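Please open the model in your viewer and keep the sequence panel beside it, so that each selection can be followed in both. The tour goes from an enclosed space to a helix, then to aromatic rings and two single residues.

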Amino acid sequence: MSFIMLLACSSSGVFAVTASVADIQAAVVAFQTIGSLRQESPINGDAIANAYTGTLQSLAIEVDEANNLELNKDIQVAIEDIKNGKDPALAAQVIDKTLQRVFYQSIWNRITAIRDEFSTSNSDALTQTLLQTEAAFVAIEKTVARENQVLTADKKALEAGTNPGLDAAIKASFARVKTALNKSNPDEDFATIQVERYGIRMSLARAYYIGVLREISGVISNRDADTDEAREALKEGEVFYRIIEPLIARDNPAGSAFLKSRLTGRLSEIDADTIVSELSKGLIGRVKAEMNGQASAVGSDRPQAMAEAAGAAYFAKIMFPDIELRLGTAARVGLETEFNNLQVASSENNAEKSTQARDAITVILVNYESALNVAKYETSTTTIIIDEAVKSFQAIAELRKQATIDGNAIEAAYQGDLQELTKIIDQIYGLSIDSDVSSAINAIKNQIDVPLAAQIVDKSLQRVFAIAVYDRTTLVAHQFDTLSSDQLILEWDRAYSAFQAISGTASRFNKVLTSDKKSLQDGRDPDLDYQILRAFEYGRHTLDKADEENRFDVSIARENIVSSLIRTYLIGVLREVEGIIGSRDTDVADAREAQVEGEYFYRIIEGFIAQDNSFGSNRIKAQLIGDDLAAVSANEIVSDISKGMIGQINGSINQIAATFSTDKNQALIAVEAIDLYASSFLPDLELRLDTLRRVKIENAIRNLKYAIQTTDSEQAIAAKAVIDDVLSQYQGQLI
């Protein structure tokens, strides 16, 4: 099923209901009591702790166990902060929004349990689950009842729009579910359950999408007048975003990371248009995924097709106000019409009508996406040598695709600016890439191992451009104070121009171990090309030196670019390892070609891994140059890469310890690096350990960042302890 599952199952695969209707009603009363206590001055942390203990805490623990979350821990930490007088207003918001997430997720889980158990449970049992769902909804009904937040005409702020009536819509869905649970017509009733499940869950998601924007509006309206109020709104927006983050991050991971950085960053960096645009970029991906699911189901699985069509429509409805603002009323009305057509076609099981509706929807979504304020970059200076080198590299890429590769033509394309750039990189870094490329071109000309030689040319030249990006961005970060803005812009533009040669490599899916750890397979798309593009754009805006924080900002941008490039080529290595393993028993020539590609990809990032794992780096190289293809082990190579990354994380942790009290910006750059390094192996950590420990380390990194921002040494020590513990457990599973 294409709809994103928020892990609404226990480890056994079935959501375990542990709270009765009475329990949930008592939890709602406790939540409302805490709501009143939060309004007191000073806030009484002990009273909040007493209210939380009991059925409300039990419900939080139920959600944690079902969804691999740490909401109970977050709430308890915030309660202790109130008791200790540490930003009690912010801590109170964390408690409130986290508890709202408990009820949100409880509803989400139970409505899914009704769908999953429809055919196996009797009507009375299912009705009890529905009553629990309705009881939980009482806690968050006021949040769900809020009006839309839409961009102002100039897109600089947000304002109240019409009220979508999400509370009434959810109640109406509850009523239809209740009727369907009578099972008077099981097939039709199950289709109703499928559709209404989407309606309830996506109306909830839309409510918290609106909640995020409402807090963004509060930041913008208060940051110049009431900084404390603005900071409180920012914290509320951050915790609200955690609720809907999985819906955005699945199809816009880089944009989601950007949103989280803004919601934990400076008030001055909050831009309404950009935030709405990145949210929409993620939602568009969800609409497309639901339509793909509908396309697969229509004609064969009517309930599923109806559910997927409903899911696509509900995701799109979140964006309707913004679509109308950017494209006009006709576009919004047209989209509504086509989604209605899709739902009718799904009910009729009509594939032809479905295709027509999906095609019309896609046209409007493409136009909408082009109107969003997402990352774009245009060079403003002349970077002739780099640009011509990129063109030559692209020409060589086309020549390599020919049935008979023309070595003389490749040589002619290489000579000139591309070779000059290669020699410059060789001279700066003491390398011999030009010699490698020239030797490989001669091999092609002499028809010696042509496929292997062509790969050496390609991967060696990619190394040139990757190093050029690293070199120029590092120069800008390190020489920010000494170079003029014009000089900085020139070097940044050069780095971006060099990136154009290798952006295609950065756009690949992640590679993760298969469950038996014997090979590799596609994981999710980490969207590294967009992450790098966004970092380039962000860094570019800092180069006018208009803000005292600009030096820090460009260093953060550079860290995102370099770390994402490193991850790009680590994925490249693993992609070729997959090719070796997949072909070594059936096509040795293809396996050898993949081995050469892997070897030369690894050369690009070898120093990064070898710095803290020289033994493992040598083990990787031995497999990528060895004669025995059977000795290539996916598990070993992934393990050695992860050990190198863990070494880098440990180095960054040491840097934080050294700068925590003396240079907050350096410590924040180090924690940014930790976040980026960890992202490369978190899927593998989850495979070897479990989802909960992945969540633990992600939360600990977030808490470490916040501890640095607030100079909270106690919180920093606690976060480091969690990171150390999880990494130790993970390293114990590596080979």
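## The largest cavity

Begin by selecting Lys511, Leu574, Val638, Ser680 and Phe681, which, among the 17 residues that line the largest cavity of this structure, lie nearest its centre. The model is a predicted one. To see which elements surround this space, colour strand E3 (511-513), helix H22 (550-583), helix H25 (634-659) and helix H26 (664-688), the elements that each give two or more residues to the lining of the largest cavity. Its volume is about 180 Å³, and the structure holds 4 cavities of 30 Å³ or more. If you colour the lining of the largest cavity by residue class, you will find 11 nonpolar, 3 polar and 3 charged residues.

## Helix H20

Next, select helix H20, residues 485-499, and place a distance label between its end C-alpha atoms, which are 21 Å apart; this agrees with the span of 21 Å that its 15 residues should have at 1.5 Å a residue. Which residues of H20 are buried? They are Leu488, Ile489, Glu491, Trp492, Asp493, Ala495, Tyr496, Ser497, Ala498 and Phe499, a list in which the charged side chains Glu491 and Asp493 are found as well. To see what covers these buried residues, show helix H15 (384-400), helix H19 (450-478), helix H21 (528-540) and H22, which are included in the cover.

## Aromatic rings

Now show the aromatic side chains, for which a search of the whole structure finds 15 pairs. Zoom in on Tyr377 and Phe536, whose ring centres are 6.0 Å apart and whose planes stand at 70°, so the pair is edge-to-face. This pair links distant parts of the chain, with Tyr377 in the loop between helix H14 (351-371) and H15 and Phe536 in helix H21, 159 residues apart. Tyr377 counts as buried at 10% relative accessibility, and Phe536 counts as buried at 0%.

Keep both residues displayed and add Trp492, Tyr496 and Phe499 of H20, because Tyr377, Trp492, Tyr496, Phe499 and Phe536 form one aromatic cluster.

A second pair to select is Tyr569 and Phe601, whose planes are at 50° and whose ring centres are 5.5 Å apart, so the pair is tilted. Here, too, distant parts of the chain are linked, since Tyr569 belongs to helix H22 and Phe601 to helix H23 (residues 588-610), 32 residues apart. Tyr569 is buried with a relative accessible area of 1%, and Phe601 counts as buried at 1% relative accessibility.

## Ala466 and Asp553

With Tyr569 still displayed, move to Ala466, which has its place in helix H19 and counts as buried at 7% relative accessibility. Leaving aside neighbours within four places in sequence, Ala466 is in contact with Ile502, Leu565, Tyr569 and Ile604. How far apart in space, C-alpha to C-alpha, are Ala466 and Ile566? They are 9.0 Å apart, although 100 residues separate them in sequence.

The last stop is Asp553, which lies in helix H22 and is buried, with a relative accessible area of 2%. Display its contacts, again leaving aside neighbours within four places in sequence, and you will find Arg266, Glu269, Tyr538 and Thr542.

Note on methods. Residues are numbered from 1 along each chain as its sequence is written. This is a predicted model: local features need pLDDT of at least 70, side-chain atom pairs count only at pLDDT 80 or more; totals for chains, interfaces and linings use all residues. Side-chain values use heavy atoms; hydrogens and water are left out. On a 1 Å grid over the protein atoms alone, a cavity is a set of points where a 1.4 Å probe fits but cannot get out, and a pocket is an open set with protein on both sides within 12 Å along at least five of seven lines; lining residues have an atom within 4 Å of a point. Grid points are joined across faces, edges and corners, and a volume is the space filled by probe spheres set on the points. Helices (H or I, at least four residues) and strands (E, at least two) are DSSP runs, numbered from the N terminus. Ala, Val, Leu, Ile, Met, Phe, Trp, Tyr, Cys and Pro count as nonpolar, Asp, Glu, Lys and Arg as charged, and the others, Gly among them, as polar. The expected span of a helix is 1.5 Å times one less than its number of residues. Buried means under 20% relative accessible area, exposed over 50%, partly exposed in between (1.4 Å probe, protein chains only). Contact means heavy atoms within 4.5 Å. Rings of Phe, Tyr and Trp (its six-membered ring) pair if their centres lie within 6.5 Å; planes under 30 degrees apart count as stacked, over 60 as edge-to-face and the rest as tilted.
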